Amino acid sequence: MTVVASTPPPRLPVRDRQAALREARGVVSPMLTRLADERATGVLHREHGTLHLVDGRVVHAESPLAPSLGTLLTAHGGLDATAWRDAEDTADEAHLLRHGVTPGVLELTQVSALYDAAYFALAPSSTPGRFRYGGAHWLAAVHPVPVDDLERETLRRRALLRHIWPDPAIDGAPLVRADPVAAPAVPSRQAAVLARVDGVRKAVDIARELGRPAFHTLVHLRRLAAAGLVCVRTPPHQDHPSDGAGDPYVALLKRVRDALEAL
Amino acid sequence: MANTETALKECLASIEGATGVALVDYTSGMALGTLGGSKTFDLNVAAAGNTDVIRAKMRTMEHLGLKGGIEDILITLNDQYHLIRLLTGRGGNGLFMYLVLDAKRANLAMARHQLKKIEEELEV
């Protein structure tokens, strides 16, 4: 009698949060993870922004795609633009505190500006990053963030945007207001964003004008896009003279098709 | 002077029955800081999920034409209270505190009062 040795069934996949976190490590930027491990101090330049590190932790981030800390503080923190420029020129944190910014407000604004700029700085890039070892940023003491936390949050933010509306085209293009048949009511924070959609401004321009983080503006814009209120301004196509662009039902069907394709 | 970390510590230390606390940005769903919680209760997940609660409530108020702002939201479970308090200050625009209380030990009125005080200190 022959014994047939059957292979054991494969183990069922188990959701292991810790393992998932370990796997996520270095996915966003292996270079950043390496710098964190060696507790480096300096500035990491990437295609879409820069990250300032001290002892392997991120202390500040800047990106041309996100409003700066100065913009956010002058919009909501009770600071005037001259005081911010003086503080930046002299690299003096105390100067901010003397001009009406409380330590609490500075910390809360700095941490949201940091995560915001880092989201764009850590976006996939076509050129390699460069790291320059050097001194600490002048706001290094305000709220250092561990690299692992930053990477995890960046991945979560990408997933959140994808979940709201999967088409990333609206993040970087000039936007126009669409005119759906039955427009849903828009909450006030989104309405402020919608009011600035004019066919010229991009997401980052709207964020700067409102003095809000750029990622938050993207969240609002993707919600507006999902509701059919905002779309990307497309250059007029010659190839498709009339594919029902004026018909709201056709426009809706096209949005549904685009969304399904992007899934 | 309170920074995020000390404010969260103060919540857990001074509010009777508090088992977890988080400071959350409700547009992005990001927790700026968390303290407490347990293996079975992930505060980061709770933080992100509760942004939907706030959004739904705000939308409803908008539909109803109510002009007042939300001060706090209370959710009572069999054995827990979840208290959500929206920050109203300049820097706290769009942030909320999320507090988990053990229903057997907590004094709800006291907890609300203390959370309000800690919120005010957070901005100073």
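The side chain of Ser112(A) reaches the backbone oxygen of Thr109(A) at a distance of 3.1 Å. Ser112(A) is located in helix H6 of chain A, and its relative accessibility of 14% places Ser112(A) in the buried class, for which the limit is under 20%. These values, like all those that follow, were computed from a predicted model. The model scores ipTM 0.88 and pTM 0.83. For chain B the mean pLDDT is 88, and 96% of the residues of chain B reach 70 or more.

Chain A contains eleven helices and seven strands. Of the 263 residues in chain A, 42% are buried. When the contacts of chain A with a separation of 6 or more are considered, 71% of them are accounted for by residues 24 or more positions apart.

The interface between the two chains was examined next. In chain A, 28 residues are in contact with chain B, where 26 residues take part. About 2200 Å² is buried between chain A and chain B, and carbon and sulfur atoms give 55% of this area. Four residue pairs in polar contact were found across the interface, with both residues of each pair at pLDDT 80 or more. On the side of chain A that touches chain B, the elements giving two or more residues are helix H6 (103-121), helix H7 (147-164), helix H8 (188-195) and helix H10 (214-226) of chain A. The most is given by H6(A), with seven residues; H6 of chain A is also the helix in which Ser112(A) is found. By residue class, this side of chain A divides into eleven nonpolar, ten polar and seven charged residues. Although charged residues are present on this side of chain A, the count of salt bridges between chain A and chain B is zero.

Over all chains, by contrast, a search of the whole structure finds 16 salt bridges. One of them joins the side chains of Arg222(A) and Asp171(A), with an N to O distance of 2.7 Å. Arg222(A) belongs to helix H10 of chain A, whereas Asp171(A) lies in the loop between H7 and strand S6 (175-177) of chain A, so the pair ties together parts that are 51 residues apart in sequence. The two partners fall into separate accessibility classes: Arg222(A) is buried, at 4% relative accessibility, while Asp171(A) is partly exposed, with a relative accessible area of 22%.

A further salt bridge in chain A is formed by the side chains of Arg201(A) and Asp198(A), at 3.0 Å from N to O. In this pair Arg201(A) counts as partly exposed, at 22% relative accessibility, and Asp198(A) is likewise partly exposed, at 42%.

In chain B, the side chains of Asp52(B) and Arg55(B) meet in a salt bridge with an N to O distance of 3.8 Å, a value that satisfies the criterion because the cut-off is within 4 Å. Both residues lie in helix H2 (residues 43-64) of chain B, where Asp52(B) and Arg55(B) are three residues apart, about one turn of the helix. Asp52(B) is partly exposed, with a relative accessible area of 42%, and Arg55(B) is also partly exposed, with 27%. Beyond this pair, salt bridges that share partners join Glu71(B), Asp72(B), Arg85(B), Arg112(B) and Glu119(B) into one network.

Within this network, Arg85(B) was considered in detail. Arg85(B) is found in strand S4 (residues 80-86) of chain B and is buried, with a relative accessible area of 5%. The side chains of Arg85(B) and Glu119(B) are joined by a polar contact of 2.6 Å. When residues up to four places away in sequence are not counted, Arg85(B) touches Glu71(B), Asp72(B), Leu95(B), Phe96(B), Met97(B), Leu115(B), Lys116(B) and Glu119(B). The residues touched by Arg85(B) thus include Glu71(B), Asp72(B) and Glu119(B), which also belong to the salt-bridge network.

Key. Residues are numbered from 1 along each chain as its sequence is written. Chains are lettered from A and ligands numbered from 1 in the order in which they are written. Side-chain values use heavy atoms; hydrogens and water are left out. Contact means heavy atoms within 4.5 Å. Buried area is the accessible area (1.4 Å probe) that two parts lose on being put together, summed over both. A polar contact is a pair of N or O atoms within 3.5 Å; within protein, one must be able to donate a hydrogen and the other to accept it, and residues adjacent in sequence count only if both atoms are side-chain atoms. Helices (H or I, at least four residues) and strands (E, at least two) are DSSP runs, numbered from the N terminus. Ala, Val, Leu, Ile, Met, Phe, Trp, Tyr, Cys and Pro count as nonpolar, Asp, Glu, Lys and Arg as charged, and the others, Gly among them, as polar. Buried means under 20% relative accessible area, exposed over 50%, partly exposed in between (1.4 Å probe, protein chains only). pLDDT is the predictor's confidence in each residue, from 0 to 100.
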